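Trainee: Could you walk me through how the two chains meet, and then through the pocket?
Mentor: Gladly, let's look at it together.

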Amino acid sequence: MTQHNSLEADIRVLRAGPLALLQDSGRFGVRHLGVTQGGPADIYSWAWANHLTGNPWGTANLEVTFGGLKLIAVRDLEIAITGADLGATIEHKPVALWQRTRWKAGDTLTFAAPVSGLRAYLAVCGGFAAEPVLGSVACVTREELGGFEGNGAKLATGDELSVNRSGPGQQLANAPTEAPKNALPDFSQPAVLDLLPGAQIASFTGRSLFDAFNTWWQVDDRADRMGVRLIGPRLNCKINTLISEGISLGSIQVPPDGQPIVLLNDRQTIGGYPRLGALSPLSASRLAQCLPREPVRLIARGSDAVLKEHRRFRAVFHSESV
Amino acid sequence: MSWKPVLESAGLDAWIVRMFASIDERNVSWLSALARRCEEAFGDALVDLVPSYTTLLVVFDPLNVSPSQARAIICETLAGLEPEETAHEGEVHELPTWYDISVGPELQRVAEGAGMAVSEVVEAHSQRTYKVFALGFAPGFAFMGLVDPRLECARLDTPRKRVPAGSVALAGLQTAAYPTETPGGWNLLGRTSARLFDREREGFSLLRVGDRVRFVPVSREVFEREGGNTTPLEPIT
């Protein structure tokens, strides 16, 4: 049994729902051992949840996919819910998203089903307490690593969760209580995703390159934290398979059936299909909020503009932490 | 090196350095040398390095260095690069392996394909010292080669839903041992009692890219004494 079990329970899981996972920023420095990155599928929403509860970058919070989760607070907690609107309520009253909320002892917090977006992030002031495995608590079920038990288990009904009492993050006085309106993503709008061309893009036929960037692709129901398959015109590449090589977050690989797969946080570390390039980290996050059958579009971007946007996003969370 | 390295963008935070056109055991010493020099050159800006058969994926922190700065750093490390000397080559690991039909049901298939007796397959597989080309698929899963070409054997048409931990396997000209129970489509020849991935161990993975590996045939008794799991494999369903 891991150490947190000896700590007091601050939250009890009344109903686990399909998939709720503890996620810090991810597992790094071990990918050469075949260990995947993990971490939040939507790092943008994850970061804001921490920020609104005064937690520094990297603090573990809960990624709730699709909803169905029902929790009860054992003591009063300061929380923030960001990301997808999964119809969250406290004692049947809707919880305002993207802002700090008091969750009183004895009250139940329930996630229903997607209204817009797919993954919500629940951060608690102080951060959830769990023992890191290979340097991280990021929960990867396939690798049986991380999470509250250290073994990659998703939340289960009856679990008791602990919150750090005196984390470095409890600086609520300096933290914003709500995200500014212009920081809120609108998941009801079709996703337009930034692709940095690379790898084998020159080996695709001209027709396929035209199709890649002029198609409303449809998100397939074969979509999870490893990757998201897109359905649309068949993309043809002169190369069928490659000698396996390292693959980065957001890489778009095209297997012989011509239907692209965007690789996300829990992808395998190496792979051998030709690639169009890679989504920007923020676009990979946006895609992770898409439900099956939603339309997405790819646009080719240069790295300078994308880097500027990425650094602007990260600057919000680092001004107070140094 | 008769091949000129090529850098390919792998997104906002990574470059692929394509060093070679084909798989060769000698690639590893070049890739290891490049990885070592990248560690020094990037310092804190380095996030991960993923070596594979012919490439090195360099993952950096884009808050620290831009993609074009990272490219310049990598180009500098490539200039005057020398392969690591054989003396610095990876460790040699001996993996005690129980070759048996009950835990290696494809021994028969490989033997038929090679026109050899099962005992000859075991001999051919255990005689060579293999090089670890890449880790991937699952934590600690090492792709090794190259096996005796007579044993070359395609993957199973239908992968198994569960391949037990320790399974020693063959696909094409490569061999591997499964660190944990996962699905898999490789041909199973036997099982090793070695613990290939252990989160309590320093470094976690027994095998690293560049290491050398020998499978040492042992009896069922020795395999069991070493903690090996003798549960026979379920037929493919």
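Mentor: Before we count anything, a salt bridge here is a side-chain nitrogen of Lys or Arg within 4 Å of a carboxyl oxygen of Asp or Glu. Please also keep in mind that this is a predicted model.

Trainee: OK, how many salt bridges does the rule find across the interface of chain B and chain A?
Mentor: The rule finds 2 salt bridges there, and the side chains of Glu245(A) and Arg18(B) meet in a salt bridge with an N to O distance of 2.9 Å.

Trainee: And how many residue pairs are in polar contact across it?
Mentor: The rule gives 10 such pairs across the interface of chain B and chain A, with both residues at pLDDT 80 or more. On the side of chain B that touches chain A, strand E3(B) gives the most, with 5 residues, and by class that side has 25 nonpolar, 12 polar and 5 charged residues.

Trainee: What area do chain B and chain A bury between them?
Mentor: They bury about 3100 Å², with 63% of it on carbon and sulfur atoms; of the area that chain B buries against chain A, Leu12(B), Leu63(B) and Arg199(B) supply 21%, more than any other three residues.

Trainee: Switching topic, how much space lies in the largest pocket?
Mentor: About 1300 Å³, and of the 40 residues that line this pocket, the closest to its centre are Gln268(A), Gly271(A), Gly272(A), Tyr273(A) and Arg155(B).

Trainee: Which element gives the most to that lining?
Mentor: That is E14(A), with 3 residues, while the lining by class has 23 nonpolar, 11 polar and 6 charged residues.

Methods:
Residues are numbered from 1 along each chain as its sequence is written. Chains are lettered from A and ligands numbered from 1 in the order in which they are written. This is a predicted model: local features need pLDDT of at least 70, side-chain atom pairs count only at pLDDT 80 or more; totals for chains, interfaces and linings use all residues. Side-chain values use heavy atoms; hydrogens and water are left out. On a 1 Å grid over the protein atoms alone, a cavity is a set of points where a 1.4 Å probe fits but cannot get out, and a pocket is an open set with protein on both sides within 12 Å along at least five of seven lines; lining residues have an atom within 4 Å of a point. Grid points are joined across faces, edges and corners, and a volume is the space filled by probe spheres set on the points. Helices (H or I, at least four residues) and strands (E, at least two) are DSSP runs, numbered from the N terminus. Ala, Val, Leu, Ile, Met, Phe, Trp, Tyr, Cys and Pro count as nonpolar, Asp, Glu, Lys and Arg as charged, and the others, Gly among them, as polar. Buried area is the accessible area (1.4 Å probe) that two parts lose on being put together, summed over both. A polar contact is a pair of N or O atoms within 3.5 Å; within protein, one must be able to donate a hydrogen and the other to accept it, and residues adjacent in sequence count only if both atoms are side-chain atoms.
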